[in-house]
Amino acid sequence: MEAPVAIVGGGISGLSTAYYLAQAGIPSTLLEARPRLGGVIQTQHVEGCVIEGGPDSFLSIKPAAMDLIRELGLAGEVIGSNDHLRVTYVWKGGRLVRLPDGLQLMVPTKLVPLLTTRLLSWPTKLRMAMELFHPPGHHPEDQSVADFVTSHYGAEAVDYLAEPLLSGIYGGSPTALSITSVLPRFVELEARYGSLTKGVLAEMKANKGNAQTQANRLPLFRTLKNGLGQMVSALAARLEGRATVLHRRAEAVERDGGGFRIRLEDGWLECAQLVLACEAHNAATLAGKLDGRLADLLGSVPYSSSMTVALGFPNSAFPKPLDGFGFLVPKRERRRLVACTWVGTKFSHRVPSGTTLLRCFLGGMDDGGILSESDDAIVAAVVNELHGIAGLRAAPAFSRIFRWPRSMAQYTVGHPARVAEIEARTAAIPGFQLAGNAYTGIGIPDCIRMGKQAAESISKALCPV
């Protein structure tokens with residue numbers, strides 16, 4: 001078999017690459033080992049509920065996802081998070097404690113909520129207030145999120161703010177994650193202002209005077225009314241007749257003259273251009289014959305395993321309505337639950353009247369073994385924890401479990417240097433591209449952006465003007 005372009009990986013990165021190639025009139029062959037497309041994007045509809053097995057939304061501030069959704073004709077299906085109801089709780093000392101109002105991640109911007117919160121001790125509150133006098137500085141080397149936050153706000157801010165917030169996003173530890181890769185904005189604020197609080201307040205003041213910013217204020221998160229699976233289905237439909245989708249595993253890659261050939265279980269696929277849009281650990285296996293050092297770099301990107309457990313209940317299963325978006329469980333307080341979202345509060349159109357839908361998150365770098373436990377054992381463990389945390393007093397009417405082994409890339413200390421070398425070595429292989437969540441962003445918009453960039457590079461190579 002032959003193809004102008006081969007794409008390994010049928011998640012959102014690979015699908016975006018194939019779509020933008022098709023828009024440029026370039027056919028491609030997309031290889032996906034799973035029986036379905038979409039990667040970690042998976043939507044199910046159960047008893048009137050829209051259940052997301054993987055990500056449930058994307059950040060509004062990053063434009064690539066909305067740009068693609070508009071092109072697919074789905075703009076009318078977009079809904080925003082109910083930010084007027086956005087409250088997040090943290091489980092501490094046997095109770096749910098509300099995150100202080102005014103926090104931007106772990107950066108406080110309002111004094112009274114900081115002083116009155118039960119989440120932090122008085123020494124930490126004083127430390128956070130005095131952070132306003134932190135001197136500007138620049139760190140020549142990358143450092144961990146934990147070290148960076150500790151230098152500004154103290155260790156307790158790491159334990160009860162940074163750790164639970166980042167565990168819910170990355171499934172990783174702040175002691176390992178790179179501040180430059182994970183929170184580059186804070187590094188820039190430190191260099192300019194010294195104090196993160198001072199820097200964030202300065203940004204807020206500048207934005208407050210911008211009438212256009214106020215008029216166009218967007219919800220924090222956006223998604224599709226019937227689930228992000230709509231986007232996957234729309235992409236697959238647009239690719240019909242413009243790209244070939246093969247549900248086969250790529251077993252090896254090697255150079256073939258000026259192009260590449262990919263070994264499949266039933267033969268070889270030859271191509272002039274190649275995009276590896278799969279997880280970095282899979283890309284490492286395939287890239288070994290192209291560049292051994294590149295393969296080592298790709299294989300050095302750690303991944304966490306995660307699990308999403310969706311549970312549906314009648315409203316009467318809870319002693320009172322669940323307010324806010326949900327709760328986080330810090331590592332110091334954690335049993336198995338990492339976080340839980342009240343789906344019907346976060347988004348409208350997701351849960352019918354009379355039903356409460358919870359999305360519970362488990363796993364991460366510290367508990368990947370939970371993926372091997374039985375469904376019954378997992379549901380029992382989650383329900384037991386919810387009984388103590390939310391007062392749950394009934395068995396779920398239905399449950400759905402989604403396991404994602406080695407799916408979330410960890411941007412550990414040194415990641416910027418690693419990515420720089422990966423990019424340099426990739427550029428040295430003509431016709432070769434990488435895309436996916438292991439490099440410069442883990443969210444849906446990031447993956448779409450990288451897929452589009454790969455397609456644009458290929459288009460320039462094949463159709464120079």
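In this predicted model, the side chains of Arg-34 and Glu-279 come together in a salt bridge, with N and O 3.4 Å apart. Arg-34 sits in the loop that runs between strand S2 (28–31) and strand S3 (43–46), while Glu-279 belongs to the loop between strand S13 (267–276) and helix H12 (280–287), so the pair ties together parts of the chain that are 245 residues apart in sequence. The two partners differ in how much of them can be reached from outside: Arg-34 is partly exposed, at a relative accessible area of 31%, whereas Glu-279 comes in at 18% and counts as buried because the cut-off for that label is under 20%.

That pair is one of 25 salt bridges counted in the model. Another joins Arg-332 to Asp-159, and here the N to O distance is 2.7 Å. This bridge, too, links distant parts of the chain, 173 residues apart: Arg-332 is found in the loop between strand S15 (326–328) and strand S16 (339–342), and Asp-159 in helix H6, which covers residues 155–170. As for accessibility, Arg-332 reaches 61%, and it counts as exposed because the label applies over 50%.

Next comes a bridge that turns out to have company. Asp-291 pairs with Arg-425, and their closest N and O atoms are 3.0 Å apart. Asp-291 lies in the loop between H12 and helix H13 (292–299), and Arg-425 in helix H16 (residues 415–427), so to speak a link between distant parts of the chain, 134 residues apart. Through salt bridges with shared partners, Asp-291 and Arg-425 fall into one network together with Arg-293 and Glu-421. Within the pair itself, Asp-291 is buried, with 14% relative accessible area, and Arg-425 is partly exposed at 29%. Helix H12 thus turns up twice in this account: Glu-279 is in the loop that leads from S13 to H12, and Asp-291 is in the loop between H12 and H13.

Away from the charged pairs, there is Ser-144. This residue is placed in the loop between helix H4 (122–130) and helix H5 (145–153). Despite the loop setting, Ser-144 is buried, its relative accessible area being 5%. What does Ser-144 touch, leaving aside neighbours within four places in sequence? The contacts are Pro-174, Thr-175, Leu-177, Ile-179 and Val-413.

Technical notes:
Residues are numbered from 1 along each chain as its sequence is written. This is a predicted model: local features need pLDDT of at least 70, side-chain atom pairs count only at pLDDT 80 or more; totals for chains, interfaces and linings use all residues. Side-chain values use heavy atoms; hydrogens and water are left out. Helices (H or I, at least four residues) and strands (E, at least two) are DSSP runs, numbered from the N terminus. Buried means under 20% relative accessible area, exposed over 50%, partly exposed in between (1.4 Å probe, protein chains only). Contact means heavy atoms within 4.5 Å. A salt bridge is a side-chain nitrogen of Lys or Arg within 4 Å of a carboxyl oxygen of Asp or Glu.
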